[in-house]
Amino acid sequence: MTHVVTEGCVHCKYAECITYCPVACFREGDTFLVIDPEECIDCGNCVEACPTDAIYPEDELPPELQPALEWNARLAPLLPLATTRVLPLADADHWNGTPDKWLSLPPDQAPVPAPAG
Ligand code: F3S
């Protein structure tokens with residue numbers, strides 16, 4: 001099993017989660033992080049750390065966030081390791097809680113198949 005980052009992270013990238021991860025499982029996109037399912041040890045430390053409640057154990061993903069499984073697994077090998085030097089995006093608080101943020105991503109950074117909007 002793995003934990004997964006979901007849509008709430010997009011355009012926020014608060015980066016609190018990285019500090020709580022005992023292994024190197026977070027990968028950094030331009031406007032979000034994902035978790036490498038090959039590295040995650042399912043400790044769950046990151047869940048409480050995220051201000052947007054964007055991280056779930058895969059077996060607790062609500063139906064509308066299921067695209068996150070494919071999203072994390074596909075992008076993690078393509079993205080660089082996220083370090084503790086990552087800073088929250090400048091307009092993170094503006095985007096926190098905004099719906100349908102996945103739909104704002106370029107196609108190569110969005111979940112496939114696209115989530116219902
Ligand atoms: Fe994203 Fe939450 Fe981490 S917004 S960067 S999953 S603390």
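In this tour, two residues are in contact when heavy atoms of theirs lie within 4.5 Å. The structure is a predicted model, in which local features need pLDDT of at least 70 and side-chain atom pairs count only at pLDDT 80 or more, while totals for chains, interfaces and linings use all residues. Residues are numbered from 1 along each chain as its sequence is written, and side-chain values use heavy atoms, with hydrogens and water left out.

**Stop 1: His11 and Thr31**

Select His11 to begin, and find it in the loop between S1 and H1; helices (H or I, at least four residues) and strands (E, at least two) are DSSP runs, numbered from the N terminus. Leaving aside neighbours within four places in sequence, His11 is in contact with Thr31, Leu89, Asp91, Ala92, Trp95, Lys101 and Ser104. His11 counts as buried because its relative accessibility is 12%, where buried means under 20% relative accessible area, exposed means over 50%, and partly exposed lies in between (1.4 Å probe, protein chains only). The backbone here also deserves a look, since phi of His11 is near 70°, a positive value in a residue other than glycine. Most residues other than glycine have a negative phi.

Now move to Thr31, one of the contacts of His11, which lies in the loop between strand S2 (26-28) and strand S3 (33-35). Is Thr31 buried or exposed? With a relative accessibility of 17%, Thr31 counts as buried. Apart from neighbours within four places in sequence, its contacts are Cys9, Val10, His11, Cys12, Lys13, Leu89 and Leu105.

**Stop 2: the ligand**

Next, select the ligand and display the residues around it, namely Cys9, Lys13, Tyr14, Ala15, Glu16, Cys17, Leu33, Cys50, Pro51, Thr52 and Ile55, each with a heavy atom within 4 Å of the molecule. This shell divides into eight nonpolar residues, one polar and two charged; Ala, Val, Leu, Ile, Met, Phe, Trp, Tyr, Cys and Pro count as nonpolar, Asp, Glu, Lys and Arg as charged, and the others, Gly among them, as polar. The ligand sits in the largest cavity, in the sense that more than half of its atoms lie within 2 Å of the grid points of that cavity. A cavity is a set of points, on a 1 Å grid over the protein atoms alone, where a 1.4 Å probe fits but cannot get out.

**Stop 3: the nonpolar core**

From the ligand, turn to the largest nonpolar core, which has 30 residues; such a core is a set of buried Ala, Val, Leu, Ile, Met, Phe, Trp, Tyr and Cys residues joined through side-chain atoms within 4.5 Å. Which residues have the most contacts inside this core? They are Ile18, Phe26, Phe32, Ile35, Ile55 and Trp71. The elements that give two or more residues to this core are strand S1 (3-5), helix H1 (16-20), S3 and helix H3 (67-75). Selecting Ile18 shows that it touches Phe26, Leu33, Ala82, Thr83, Thr84 and Val86, not counting residues up to four places away in sequence.

**Stop 4: Asp36 and Pro88**

Continue to Asp36, found in the loop between S3 and helix H2 (45-49). Asp36 is buried, because its relative accessible area is 10%, and beyond its neighbours within four places in sequence it is in contact with Cys25, Arg27 and Ala76. Pro88 and Asp36 are 52 residues apart in sequence and 20 Å apart in space, C-alpha to C-alpha. Pro88 itself is in the loop between H3 and H4, is partly exposed with a relative accessible area of 41%, and touches Cys12, Lys13 and Tyr14, not counting residues up to four places away in sequence.

**Stop 5: Asp93, Asp100 and Glu60**

Select Asp93 in helix H4, an exposed residue with a relative accessible area of 64%. Its C-alpha atom is separated by 9.1 Å from that of Tyr14, although the two are 79 residues apart along the chain. Further on, Asp100 lies in the segment after helix H4 (92-95) and counts as partly exposed at 37% relative accessibility; phi of Asp100 is near 60°, a positive value in a residue other than glycine.

The tour ends at Glu60, in the loop between strand S4 (55-57) and H3, which is exposed with a relative accessible area of 55%. Glu60 and His3 are 57 residues apart in sequence and 9.3 Å apart in space, C-alpha to C-alpha.

Methods:
On a 1 Å grid over the protein atoms alone, a cavity is a set of points where a 1.4 Å probe fits but cannot get out, and a pocket is an open set with protein on both sides within 12 Å along at least five of seven lines; lining residues have an atom within 4 Å of a point.
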